[in-house]
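Visitor: I have a fold open on my screen and would like a walk through it. Could you show me how to read its features?
Guide: Sure, let's put it up and go feature by feature.

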Amino acid sequence: MLHSIIEMLHSIIEMLHSIIGAITGENDRKKIRGTVVLMKKNVLDFNDLSASVLDRVHELVGQGVSLQLVSAVHADPSNGLQGKVGKPAFLEDWITTITPLTAGESAFKVTFDYDEEVGQPGAFIIRNNHQSEFYLRTLTLADVPGHGRIHFVCNSWVYPADKYNTDRVFFTNQTCLPSETPGPLRRYRERELVNLRGDGTGELKEWDRVYDYAYYNDLGNPDRDPKYARPVLGGSVEYPYPRRGRTGRPPSETDPNTEGRLPLLMSLNIYVPRDERFGHIKMSDFLAYALKALVQFLLPEFEALCDSSPIEFDSFQDIFDLYEGFKVPDGPLLDKIKENIPLEMLKELVRTDGEGLFKFPTPQVIKEDKSAWRTDKEFAREMLAGLNPVLIRLLQEFPPESKLDPEVYGNQKSSITKEHRESPRWPYYQQALEKKRLFILDHHDTLMPYLRRINTTSTKTYASRTVLFLKDDGTLKPLAIELSLPHPDGDKFGAASKVYTPAEHGVEGSIWQLAKAYAAVNDSGHHQLLSHWLNTHAVIEPFVIATNRQLSVLHPINKLLYPHFRDTMNINALARQILINAGGVVESTVYPSKYAMEMSSVVYKNWVFNEQALPADLINRKMAEKDSDAPHGLRLVLDDYPYAVDGLEIWSAIETWVEDYCSFYYKTDEMVEKDSELQSWWKELREEGHGDKKDEPWWPKMHTVKELIDTCTIIIWVASALHAAVNFGQYPYAGFLPNRPTISRRFMPEEGTPEYEELKSNPEKAFLKTITAQLQTLLGISLIEILSRHSSDEVYLGQRDTPEWTLDATPLKAFEKFGRKLADIEENIIKRNGDERFKNRVGHVNMPYTLLYPTSEGGLTGKGIPNSVSI
């Protein structure tokens, strides 16, 4: 009834407008017709009925959505020589345009009076006089006299005008350097950047469009309990760190240096600029809600589900049963889960079939063979084609050396002795060194300074070194694992170490399996905290912030990098709120416990921007050598290294694309040096975003086109391919946690102890009592299942969310060439995976290496390179 009345009133008003237009001659003036594509807020929020009704009332009284064209050619002397502004035009048929019931966009007509004093528009101003915000996708002008079709790509939330201090301005999809900006648009361009920087004060609200920096001072929660206090990361020599996005929340009550925290159930409301939030499809997928539900509701339910030995799996079969499904008891327990988790979330998260069956997907690593993961071959193969293929390096000195300060930590050199080296299992070590056939997975120096503190928690672990030999068939064979503890008499006395060598049978075989588990625990922690969180998520966020603050949307480098920043600030903010915070999921499920983030800060001290380039990384780890005759100018020391082989093809494709793109806009080095926005961007990135590294000599100077190309290639590589390589294999490899345990809870059993006797009599149970407990396993694999999934609206490398992201034909053709090259790489990967010569690509687990396969469908696929760190 209300809807019918509103439509009738709207028709009357339209008729009156037509009559007035006929009398005044308004109808005879030349018009510019346009189409606005947007998404109403109520599409996303079915409960926001009041806002929807108020928006329609505002339309009836003439307070709709107005747009004004801004001239790119004619300045207005009365307006500080800014572009001449045309008369307001209003979106038509807001009331009668039916909003789709499923999340989607609507097209609205808008008609402008043509004004010769405006001429060619280069921007437009929009004012939202409604009660609620909307997502503005595009404006297209159909036939501007003398200029034809003009397109504006907006992709931004527009809040009611009273939320802003200045008008919202959007520019055409042209691309230009600051010096090439049409004069009438320059102040609009400059002012927009000023608005995005904010003034550095106050708590930021959802409608604020402010990109600013802050330290990681929001991880601790001393107000909850002193044990949840954590050091501030960033801004000090002791704890350097990349910057995060500022929220401006007030400090905690008990520590003025720690930012106050949001309640857990408010996690989705943590501030990031609205345009950085997940899109509607991703948000309506289960990701963010699942994370919240996981921590808030499933943890106590999992506790209640545990059997008579509440913290242990009794056998590997207990773990296999997780993937077959087990019955959730009826009653209050299941009712509470259903009550607190929306139905669709429940289907995805707990795999309920209506009968209370709880089930995880079977991880790929055990899908074909349930025991192949235990072999030495698979243990070694995953260092080249697994979750963390970025750490193994060529061993060049024997025994392995330590870089820890001997004045503090004593002698930390490896204790692998001549006896071990000359046992029948060892190749002639000097010859193996010379022929580059010895490799090491080294978790010694990172862990040793923290071991005393870590081992005061429930974790009981070692620093480790794993030495491997390259066999003639191209596979690696583990030769020894060294496990080390701080010397009981003090750090200055060095390490107390023990070396374990391969064995297949009896108690020696069980001890060797445990030695591999301790090494895997260390590698899991390194992967999650350093390879994944620090080296992709954390280091990229300052680039997101600096780009929005210093590079206009008209700038070619903004347009180049924009897709590679999608969702990064949002997922990082959620991580600070739920995952990496004090007492969060990471501290509960990964061995460094409360010291996890602090350790990542110490490792950041050695972070070097240029070494994030894949070729530089491989050379640095001595896994490759420069060779002008080899593909990509590098010769791999180990030919069958799937991550490196696929990665170099991806790297080269990105580099060629970036070179083609940048060379179109920057013809000379002088153009780079004189680009004011680019120089401000690079200066702020070094001095603010990575401010604790501002005095490092290795930063590119940004004086040449080559430095610009190299820099942008690294940024895109890290945000896309590197992140994909270390993220989307989490569930396929570690969803079966015995393959990638994250915690060790007791030390290696010593002969003569009850634990040693248990190892002899029931090695399976002893193994499971040592690694991650039952509850942490359930929590951990629930988490990595969520983090390993692609959302259904993911945009992959070589794709854009809009085809008209620039007007310039040459970059568009170069981007098409980039896409074709990535398609060729996909074919190459399939061929290599089918080639039996490359034994590291599939392994005994029959799991082809696809983590750097560029495209994917949504879901849990173990492949696909999204453009950005988006999960």
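Visitor: Among contacts in the protein between residues at least 6 apart in sequence, what percentage join residues at least 24 apart?
Guide: That share is 75%, where a contact means heavy atoms within 4.5 Å. Before we go on: this is a predicted model, where local features need pLDDT of at least 70 and side-chain atom pairs count only at pLDDT 80 or more, while totals for chains, interfaces and linings use all residues. Residues are numbered from 1 along each chain as its sequence is written, and side-chain values use heavy atoms, with hydrogens and water left out.

Visitor: How many helices and strands are there in the protein?
Guide: You'll find 29 helices and 20 strands. These are DSSP runs numbered from the N terminus: helices are H or I with at least four residues, strands are E with at least two.

Visitor: And how much of the protein counts as buried?
Guide: Of its 871 residues, 59% do. Buried means under 20% relative accessible area, exposed means over 50%, and partly exposed is in between, using a 1.4 Å probe and protein chains only. The protein exposes about 35500 Å², with carbon and sulfur atoms supplying 51% of that; the areas come from the Shrake-Rupley method with a 1.4 Å probe, and for residues only the protein chains shown count as cover.

Visitor: Let's try a sheet. In what order do the strands of the four-stranded open sheet come?
Guide: Strands of a sheet pair through backbone hydrogen bonds, either parallel or antiparallel. Here the order is β5-β1-β7-β8, with antiparallel pairing; two strands pair if DSSP finds at least two bridges between them. β5 and β8 (148-158) are the edge strands, each pairing on one side only. On average, neighbouring strands in this sheet are turned by 20° against each other, direction ignored. For angles like this, axes are lines fitted to C-alpha atoms, for helices over the stretch in contact, and angles run from 0 to 180 degrees between N-to-C directions.

Visitor: Which residues can I use to find the register?
Guide: Start in β1 (residues 31-40), which pairs with β5 over eight bridges; Thr-35 stands opposite Lys-109 in β5. On the β7 (residues 134-144) side, β1 has seven bridges, and Leu-38 stands opposite Leu-136. Now look at the two faces of β5 (residues 106-113): Ser-106, Phe-108, Val-110 and Phe-112 are on the covered one, whereas Ala-107, Lys-109, Thr-111 and Asp-113 are on the uncovered one.

Visitor: What packs on the five-stranded sheet?
Guide: That open sheet runs β14-β15-β16-β17-β18 with antiparallel pairing, and its edges are β14 (393-394) and β18 (495-500). Helix α10 lies across β15, β16 and β17 (476-486), at about 80° to β17. Helix α15 (residues 506-550) touches β15, β16, β17 and β18, and its direction makes about 75° with that of β17.

Visitor: Is Glu-378 buried or exposed?
Guide: Buried, with a relative accessible area of 1%. Glu-378 is found in α10 (residues 376-385). Leaving aside neighbours within four places in sequence, its contacts include Trp-373, Tyr-733 and His-844.

Visitor: How do I describe two packed helices?
Guide: Two packed helices are described by the angle between their axes and the distance between the axes. Take α21 (residues 642-665) and α29 (residues 809-833): their axes come within 10 Å and cross at roughly 175°. The two are therefore roughly antiparallel to each other; under 35 degrees is roughly parallel, over 145 roughly antiparallel, 65 to 115 roughly perpendicular and the rest oblique. The residues of their contact divide into 15 nonpolar, three polar and six charged. Ala, Val, Leu, Ile, Met, Phe, Trp, Tyr, Cys and Pro count as nonpolar, Asp, Glu, Lys and Arg as charged, and the others, Gly among them, as polar.

Visitor: Which backbone angles should I check?
Guide: Most residues other than glycine have a negative phi, and most peptide bonds are trans. Leu-81 has a positive phi near 60°; Leu-81 is in the loop between β2 (65-76) and β3 (82-85) and counts as exposed at 55% relative accessibility. Asn-155 also has a positive phi, about 45°, but Asn-155 is in strand β8 and is buried at 9%. Finally, a cis peptide bond joins Phe-398 and Pro-399, with omega about 0°, and Pro-399 lies in the loop between β14 and α11 (406-409).
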